[in-house]
Amino acid sequence: MRQDWLDVLKCIAMFAVIVGHASTGETPDTLRYYIYAFHMPLFFIISGMTYNLQMNKRHYTFPELLKNKSKTLLWPYLIFNLLVIPLWAVYFVLFPEEEGSIVSLLVSTAYSNPTWSSLPISASWFLTTLFLTTLLFYGIVRASKKKNSVIFGVSAAAGLLGYGISLVEDINLLYPWHISTVPVACFLFMLGYMFMEYRDRIDKVLITRKMPVWILLAGGLGYIAAGYNVKITMGLNHYGNFILFAVSVAAFSLAFYMISRIIPPFGVLKLIGRNTVVYLCTHELLIIAMTVLSSSTAALVSNHVIIASLIIFIVLIPVAYIVERWLPLLIGRRKKK
């Protein structure tokens, strides 16, 4: 049975991604700084939650999981990046001062590491990294014989290993598909998986009349932890202080989880939640379009990022509906009868 609150949570997280990518600034006095503290980490946590539900519903063998994730992650990654390349060709013609070429875009699509060469859709690195993360976590669960204590310990060790790797300057430039980011992503993935394992117990504490207080406390803790840390960028494997990183991600994620339990699961929110891949692979195109279309739209993005992000968020609703209804093969799904 599909969890409506999970679609709402995905919807919230996706809006945060759009705001983060549309905003500017690298210091604690900017919105981008705090959104980057949790927006992509939250999606890895959500992926762990979804994986838990998926594996409880059906016990995949490794070949079955590999096939499933290739269809739902690698295929959308490939098809959307290739579809966008012609648009970049037009962009290079209109703005010849911009660096880039079709060949470099094709190579970067195969390599999937925008720190080495810009991807046609820069945010799509998440899909290849999530693919590798899911396979790694599957191996951890199988090797541990589903013992939660072992899963937690091994995944936490992987996170610390990933943090150690991140301290080696520019090492992330060397690896395709953000392999160096996978250990930390696995740690976050595990947090989502474990949350679902103990969600009933957690809900007895959080989902009560005191929930508004818990939301404020969790959000405040996340804000303070993020404020004392550096700007987080998972795509570049930058985490600052790992404890502050983990605390800010966990606290913000708990706050947004509780908010997702309050917001009614309207149909449009569930539509967006089901199609976050579509949003992930298209929202940057609209951000770029608004910045180059006119001085007015560029000023809107620059000076009123929340409004601009909300416009993009709404404009993509019919796109998500069209893909889900008539073009589901773009995101690795079968067409519904």
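**Close-up views of a predicted model**

**View 1. Leu271 sits in a buried spot.** With a relative accessibility of 9%, Leu271 counts as buried, because the cut-off for buried is under 20%. This residue belongs to helix H12, which covers residues 267–274. Setting aside neighbours within four places in sequence, Leu271 is in contact with Ile317, Ala320, Tyr321 and Glu324. For Ile317, the C-alpha atom is 7.9 Å from that of Leu271, with the two positions 46 residues apart along the chain. As in every view here, the coordinates come from a predicted model.

**View 2. Helix H4 meets helix H5.** Here we look at H4 (residues 62–94) together with H5 (residues 102–111), whose axes come within 10 Å and cross at roughly 160°. That angle makes H4 roughly antiparallel to H5, since angles over 145 degrees fall in that class. The crossing of these two helices is right-handed. From H4, the residues that take part are Tyr77, Leu78, Asn81, Leu82, Ile85, Trp88, Ala89 and Phe92, and they meet Ile102, Leu105, Leu106, Ser108 and Thr109 of H5. Sorted by class, the contact of H4 with H5 has ten nonpolar, three polar and no charged residues.

**View 3. Helix H4 packs with helix H13.** H4 appears again, now with H13 (residues 276–293), and the two pack at an angle of about 15° with axes 10 Å apart. H4 is therefore roughly parallel to H13. The crossing of H4 and H13 is right-handed. On the H4 side you will find Pro76, Phe80, Val84, Leu87, Trp88 and Tyr91, while H13 brings Val277, Cys281, Thr282, Leu285, Ile288 and Val292 to the contact. By class, the contact of H4 with H13 has eleven nonpolar, one polar and no charged residues. Trp88 is worth picking out if you flip between views: it is listed in the contact with H5 and in the contact with H13.

**View 4. Ser112 lies in the loop after H5.** The loop that holds Ser112 runs between H5 and helix H6 (125–143). Is Ser112 buried or exposed? Its relative accessibility is 0%, so Ser112 counts as buried. The side chain of Ser112 makes two polar contacts shown here: one with the side chain of Thr128 at 2.8 Å, and another with the side chain of Tyr77 at 3.4 Å. Tyr77 also takes part in the contact of H4 with H5. Beyond its neighbours within four places in sequence, Ser112 is in contact with Tyr77, Leu119, Trp125, Thr128, Pro176, Trp177 and His178.

**View 5. Ser104 and Lys145 are set side by side for comparison.** Ser104 is found in helix H5, whereas Lys145 is in the loop between H6 and helix H7 (148–166). At 24% relative accessibility Ser104 counts as partly exposed, and Lys145 is exposed, with a relative accessible area of 69%. Their C-alpha atoms are separated by 44 Å, and the two residues are 41 apart along the chain. Please also look at the backbone of Lys145, which has a positive phi of about 60° although this residue is not a glycine.

**View 6. Asn237 has a positive phi.** The value is about 65°, and Asn237 is not a glycine. Asn237 is found in the loop between helix H10 (211–228) and helix H11 (242–262). With a relative accessible area of 2%, Asn237 is buried, whereas Lys145 of the previous view is exposed.

Methods: Residues numbered from 1 in each chain as written. Predicted model: local features only at pLDDT ≥ 70, side-chain atom pairs only at ≥ 80, totals over all residues. Heavy atoms only, no water. Axes fitted to C-alpha atoms, helices over the stretch in contact; angles between N-to-C directions. Helix = DSSP H or I, 4+ residues; strand = E, 2+ residues; numbered from the N terminus. Parallel < 35°, antiparallel > 145°, perpendicular 65-115°, else oblique. Left-handed = near helix turned anticlockwise from the far one by under 90°. Contact = heavy atoms within 4.5 Å. Nonpolar A, V, L, I, M, F, W, Y, C, P; charged D, E, K, R; others polar. Buried < 20%, exposed > 50% of the residue type's maximum accessible area, 1.4 Å probe, protein only. Polar contact = N/O pair within 3.5 Å; in protein donor to acceptor, adjacent residues only side chain to side chain.
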